[in-house]
Amino acid sequence: MTTPCSCPFPAVPPARAMKRGSSFVKARSLIIVTLALASTACGGRKEFQDGGVYTRRTVCPQVAIPAATGDVTMFDPAGRTDAAAIDVVATMTNVRSTCSEGADAIVSSATFDVVAVRRTAGEARSVVIPYFDIAMQAGSQVVAKRVGGVAVNFPAGSIRGSGRGGAQIRISRAATSLPASVRAELTKERKAGDVNAAVDPLSDPAIRTAVARATFEHLIGFQLTNEQLRYNATR
């Protein structure tokens with residue numbers, strides 16, 4: 001497992017998460033991801049076989065940009081938030097991820113592009129924008145966090161710039177494994193006519209909790225200040 005994190009980041013308002021179906025709600029210092037356990041935690045890949053519909057669960061974490069953290073607006077002079085003071089506007093996009101399943105660990109790697117526009121064209125310029133890289137467990141617990149910086153380069157005479165960044169988390173394979181009793185309940189064959197044939201095993205709080213605990217997400221976004229988050233929420 002990656003090193004535990006004690007570095008919270010600001011909460012964000014409910015909004016869309018890029019390429020994922022999780023919804024984000026406010027919390028004091030963490031982004032809380034509400035897992036749709038029946039599909040999200042189990043990977044969403046379904047197969048129709050004798051005895052019912054089977055959903056394959058993946059141990060690879062889902063990669064997403066939390067709502068309201070995929071854009072950043074920088075002002076000059078600092079302290080102003082009017083349109084005339086906008087210096088650079090940047091967006092995180094083109095997130096691509098790979099997952100490596102080892103005997104002892106699951107490694108999730110991701111790359112992303114940052115595209116930006118500056119207020120005026122001028123001399124060549126480079127702007128370093130901070131971003132976070134988070135491993136989240138059970139939809140609410142940040143177990144590791146790293147803050148890095150991506151350099152956005154503006155060519156001379158151009159208002160447009162770009163950069164590329166990368167992120168990686170490492171998760172203990174044991175942490176992604178379900179207890180044998182839970183696996184047995186989830187994979188138990190249910191036939192028509194059985195008393196529990198139509199009962200979703202995830203309706204059992206103990207099973208739902210176990211699945212959530214073994215489910216991880218890999219979250220990437222700009223490391224925003226409280227003022228930048230408020231600006232994103234109100235613009």
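Partly exposed here covers the range between buried, under 20% relative accessible area, and exposed, over 50%. By that yardstick Glu101, at 47% relative accessibility, counts as partly exposed. The model is predicted, and this briefing walks through its salt bridges, strand pairing, disulfide and nonpolar cores. Strand E7 (residues 86-101) is a good thread to follow: Glu101 sits in it, Cys99 does too, and E7 is among the elements that give two or more residues to the largest nonpolar core.

**Salt bridges**

- There are seven salt bridges in the structure, and three of them are picked out below.
- Glu101 pairs with Arg173, with 3.6 Å between the closest N and O atoms. That pair links distant parts of the chain, 72 residues apart: Glu101 is in strand E7, while Arg173 is in the loop between strand E11 (160-172) and helix H1 (180-187). Arg173 is partly exposed, at a relative accessible area of 26%.
- Arg164 and Asp113 make another salt bridge, their closest N and O atoms 2.8 Å apart. Arg164 belongs to strand E11 and Asp113 to strand E8 (residues 105-118), so this pair ties together parts 51 residues apart in sequence.
- The two ends of that bridge differ in burial: Arg164 is exposed because its relative accessible area is 57%, over the 50% mark, whereas Asp113 counts as buried because its 12% falls under 20%.
- Arg80 bridges to Asp82, and here the closest N and O atoms are 2.7 Å apart. Arg80 is partly exposed at 38% relative accessible area, and Asp82 is partly exposed as well, at 32%.

**Strand pairing around E7**

- E7 runs antiparallel to strand E6 (residues 71-75), and five bridges join the two. One of the matched positions puts Thr73 opposite Val89, its bridge partner in E7.
- E7 also pairs with E8, again in the antiparallel sense, over twelve bridges. In that pairing, Ser100 has Val107 of E8 as its bridge partner.
- The connection from E7 to E8 is a hairpin of three residues.

**The disulfide**

- The count comes to one disulfide. It is formed by Cys60 and Cys99, whose sulfur atoms are 2.1 Å apart.
- The link of Cys60 and Cys99 is left-handed, with -90 degrees about the S-S bond.
- Cys60 lies in the loop between strand E4 (52-56) and strand E5 (62-64), and Cys99 lies in strand E7, so the disulfide ties together parts 39 residues apart in sequence.
- Cys60 counts as buried because its relative accessibility, 17%, is under 20%. Cys99, at 34%, counts as partly exposed.

**Nonpolar cores**

- The largest nonpolar core has 22 residues, and Ala90, Met92, Phe112, Val114, Ile129, Ile220 and Phe222 touch the most other members. Two or more residues each come from E7, E8, strand E9 (125-137), strand E10 (141-154) and strand E12 (216-222).
- Which residues does Ile220 touch, not counting those up to four places away in sequence? The list is Val63, Ala64, Ile65, Pro66, Thr69, Met92, Ala110, Phe112, Tyr131, Phe132, Asp133 and Ala167.
- Apart from the largest core lies another one, of eight residues, with Val59, Ile106, Ala135 and Ala144 among them.

Methods: Residues numbered from 1 in each chain as written. Predicted model: local features only at pLDDT ≥ 70, side-chain atom pairs only at ≥ 80, totals over all residues. Heavy atoms only, no water. Salt bridge = Lys/Arg side-chain N within 4 Å of Asp/Glu carboxyl O. Buried < 20%, exposed > 50% of the residue type's maximum accessible area, 1.4 Å probe, protein only. Helix = DSSP H or I, 4+ residues; strand = E, 2+ residues; numbered from the N terminus. Pairing = 2+ DSSP bridges. Disulfide = S-S within 2.5 Å. Core = buried A, V, L, I, M, F, W, Y, C linked by side-chain atoms within 4.5 Å. Contact = heavy atoms within 4.5 Å.
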